[in-house]
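Got your viewer open? Let's take a walk through this one together, picking out one piece at a time.

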Amino acid sequence: MKLFMKYQTIVFFFSSLATILIISGCHNVSEKVNPIDPPNILILMSDNHSADHLGCYGDPSVKTPHIDRLASEGVLFSNAFCAAPSCSPARAAMLTGQDIWRLGTAANLWSGFPKMDVYPQMMEENGYHVGIQGKGWGPGDAQPDGWTDNPGGKRYGSFEEFYNEKESNQPWLFWYSSRDPHRPFRSEGWNKSGIDLESIEVPPYLPNHIDVKKDMADYYHEVQLFDQDVANYLALLDEMGETENTMVIVCSDNGWQMPRGLANLYDFGSKIPLIVWWPKQIEGNRKIDDFVNLNDLAPTFLELANIEAPSEMTAKSLKGLLFENKEGTIDPSRNFVVTGRERHAYVRSNGLGYPGRALRTEDFLYIRNYEPDRWPAGDPPLYGDVDSHMLHYPAPTKLHLLVHKENPSVEPLFELSFGKRPFEELYDLKKDPYQLVNVAGLDGYAEIKNNLSHQLTEYLITTNDPREINQSFTWDTDTYFKEGDKRPKPSQEAIELLDLEEEYDYTTDNSNATSEN
Ligand SMILES: [Ca+2]
C-alpha cells in the first residue's frame with residue numbers, strides 16, 4: 001500500500017513536471033496542451049432524475065435554488081443524454097466512455113463488469129486520489145470479473161473521510177451518487193415538499209390526476225433533498241479551500257422512474273440534467289445546445305488530467321465546449337446522440353431483455369426495437385420494468401394506470417406505457433415533443449425514417465454493435481445477480497387492487513403472464 005502510494009506520488013510528480021514543461025513551451029511533449037493544472041473533479045449525481053425537473057431547466061414547481069445558482073454561474077447542457085435508460089449500463093458507459101453494446105455484460109442491470117479501462121482507475125494510476133460515496137457503478141457485481149473496488153473507485157462513508165486520506169497537493173476525483181430521487185420515495189414527501197399540487201404540470205403521457213400529482217410531488221421532494229446535498233458539498237469545498245481548482249459536475253444517471261421514463265428509450269428515460277461549474281476557469285451563464293452524452297465525461301476528465309484516452313473510448317471530450325466562451329450550438333457535428341438498452345430488471349420469463357437502440361436528433365427520435373414480440377415494460381400483469389420493482393413497493397402512477405386501464409381516458413396512456421411496440425418508432429419532435437404519436441408507418445415520413453435508420457445502422461456498425469455486425473452476444477442469458485427479483489412478490493395493496501398472485505416466477509417459460517394482453 002505504502003509502496004503504491006509512493007508510486008502514485010512519483011507518477012504525479014512526473015506528470016506535474018510534464019505539465020510545467022508544457023506550460024514553459026516545450027511543445028513536443030504532447031499535442032494536448034493543457035493550460036491548467038490537473039483539476040480536482042467533484043461529480044454530484046442524482047438517481048433516476050429527468051432533465052426537465054430542475055428550476056434551471058424550466059420546471060415551474062420544483063425548488064432547486066442551489067443547483068439553479070450553479071447553472072447560472074456555470075454551463076447548462078440542454079441536450080444531455082445518458083447512454084442507456086438504466087442505472088448500471090448508464091454508469092458503466094460513463095466510466096468507460098463507450099456505448100453500452102461495447103461493454104459485454106455491463107450493458108445489463110444487475111450483471112457484471114468485464115475488466116476494461118475506466119477513467120477513475122486511469123486517473124488513480126496517474127496520481128489522483130479517487131473515491132466514491134453511494135452507489136458508484138451498480139447495481140451489479142464486479143468482483144467475479146476481478147474488480148476489488150467498485151469500478152468507480154474505493155467507497156468512502158463521507159467526503160471528509162475521503163479528503164483526509166489525500167496527500168497534500170494531490171489532485172482528487174470524487175463521485176457522490178445520491179439515492180434521490182430513486183423509488184421508493186419517502187412517504188408523505190409531497191406534504192413536506194412545500195409544493196402546491198395545483199402548480200404541477202403532468203406530462204401528457206401520464207393521467208392528469210391527483211394520484212399522479214402527489215406521486216410527482218413525492219419525487220420533487222427528493223429532488224429538493226438532492227439540491228440540499230449539492231449545497232452541502234459546495235460548503236465543504238469552500239471550507240477545504242478547494243473551490244478554485246475544482247470542476248463540479250451536477251447530473252443524473254438516467255431519467256425518472258415513471259411509466260415511459262426509466263428503462264425506455266424516450267427522452268423521459270434518457271435525457272438528463274448536466275451542469276458544469278468551475279467559475280475560476282469556465283465562463284458561466286451559458287446554455288449549450290450541442291448533443292452530449294454522460295459517457296463524454298470520461299475523455300473530458302482524462303484530457304483535463306493530461307492522460308491519453310484509450311483508443312476504445314469512443315465518446316468525445318467536452319473540453320472544447322466548456323472552455324470556449326460560446327453558447328447555443330457550438331460544434332455542428334454534435335447534432336445527435338445514440339442510446340440503447342438491453343436487459344433492465346428481470347421482468348420477463350427466462351430473464352429476457354427488451355433490446356433497442358435509438359437515434360435522437362433535434363427534430364426526431366427514431367427507435368429500433370429488436371424484439372417487438374416481447375413486452376417492453378415486462379410481462380403482464382406486473383410490467384416490472386416500470387416504476388415499482390414488480391409492484392413490490394408503492395407506485396401510485398403505475399397503479400393508477402393499471403387499475404383504471406379500462407377507462408377510455410386512461411386506456412391510450414396504459415397502451416403507451418405497457419403495450420407492445422413495433423420494430424420501428426419515429427416521433428416528430430417539433431409537433432410531438434412528448435413522443436406520443438408513432439409516425440414510423442406514415443408515408444409522409446418514409447424518407448426521413450429511412451435516413452435516420454441508415455444513420456443509426458452506420459453508427460452501430462462503426463462502433464461494433466454485435467446486433468448489427470452479426471456477432472454473438474449473451475445479454476439475455478447473462479447472470480442476474482439479484483435472485484429475489486426472479487420471483488417477484490407484489491405488495492398486498494397491489495394484490496388486492498389488481499387481483500394478483502402472491503408470487504410470480506420468471507425463471508421458466510411458464511410465466512403466468514404471457515397469455516394476457
Ligand atoms: Ca438510476
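**Stop one: the strand in the middle of our tour**

Select strands E1 and E5: they pair in the parallel sense, with five bridges between them. To see one matching pair, click Ile41, which stands opposite Leu173 in E5. Keep in mind as you click around that this is a predicted model.

Now add E6 to your selection. E1 pairs with E6 too, in the parallel sense and over seven bridges. Look for Asn40, which has Thr246 of E6 standing opposite. How many of the residues of E1 are buried? Six of its seven are, so E1 is mostly covered.

**Stop two: Leu44**

Stay on E1 and pick out Leu44, which lies in this strand. Is Leu44 buried or exposed? Leu44 is buried, because 23 other C-beta atoms lie within 10 Å, and 20 or more is enough to count as buried. Show its surroundings, leaving aside neighbours within four places in sequence, and you'll find contacts that include Tyr176, Asp229, Tyr233 and Val248. Next, draw a distance from Leu44 to Gln133: you should get 9.8 Å between C-alpha atoms, though 89 residues separate the two in sequence.

**Stop three: the whole sheet**

Zoom out and colour the sheet that these strands belong to. It's an open sheet of eight strands with mixed pairing, in the order E4-E3-E5-E1-E6-E7-E2-E8. Which strands stand at the edges? They are E4 (154–155) and E8 (286–293); each has a single partner strand, so one side of each is left without a neighbour in the sheet.

For an antiparallel pair, select E2 (residues 75–81) and E7 (residues 274–277), which are joined over two bridges. Click Val75, and look in E7 for its bridge partner, Val276.

**Stop four: helices across the sheet**

Select helix H2, residues 65–73. H2 lies across E2, E6 and E7, and runs at about 65° to E7.

Then select helix H7, residues 210–239. H7 lies across E1, E5 and E6, running at about 165° to E1. Want to try a quick check on its length? At 1.5 Å a residue, the 30 residues of H7 should span 44 Å, and its end C-alpha atoms are 43 Å apart, which agrees. Step just past this helix and you come to Gly241, whose phi is positive, near 70°.

**Stop five: two domains**

Colour residues 34–184 and 219–332 as domain 1, then give 339–498 another colour as domain 2. The centres of the two domains, taken over C-alpha atoms, are 25 Å apart. Where they touch, 30 residues from domain 1 and 35 residues from domain 2 take part in the contact.

**Last stop: the full chain**

Show everything as a cartoon. The protein chain has 14 helices and 12 strands. Its C-alpha atoms fill a box of roughly 70 × 55 × 45 Å along the principal axes. How does that fit with its 517 residues? A compact globule with that many residues would have a radius of gyration near 24 Å, and this chain has 23 Å, which agrees.

Of the 517 residues, 50% count as buried. Finally, take the contacts between residues at least 6 apart in sequence: 69% of them join residues at least 24 apart.

Technical notes
Residues numbered from 1 in each chain as written. Predicted model: local features only at pLDDT ≥ 70, side-chain atom pairs only at ≥ 80, totals over all residues. Helix = DSSP H or I, 4+ residues; strand = E, 2+ residues; numbered from the N terminus. Expected span 1.5 Å × (residues − 1). Pairing = 2+ DSSP bridges. Contact = placed C-beta atoms within 7 Å. Axes fitted to C-alpha atoms, helices over the stretch in contact; angles between N-to-C directions. Rg over C-alpha atoms; globule rule 2.2 N^0.38 Å. Buried ≥ 20, exposed ≤ 12 C-beta atoms within 10 Å, placed from the backbone. Domains from an automatic or database assignment.
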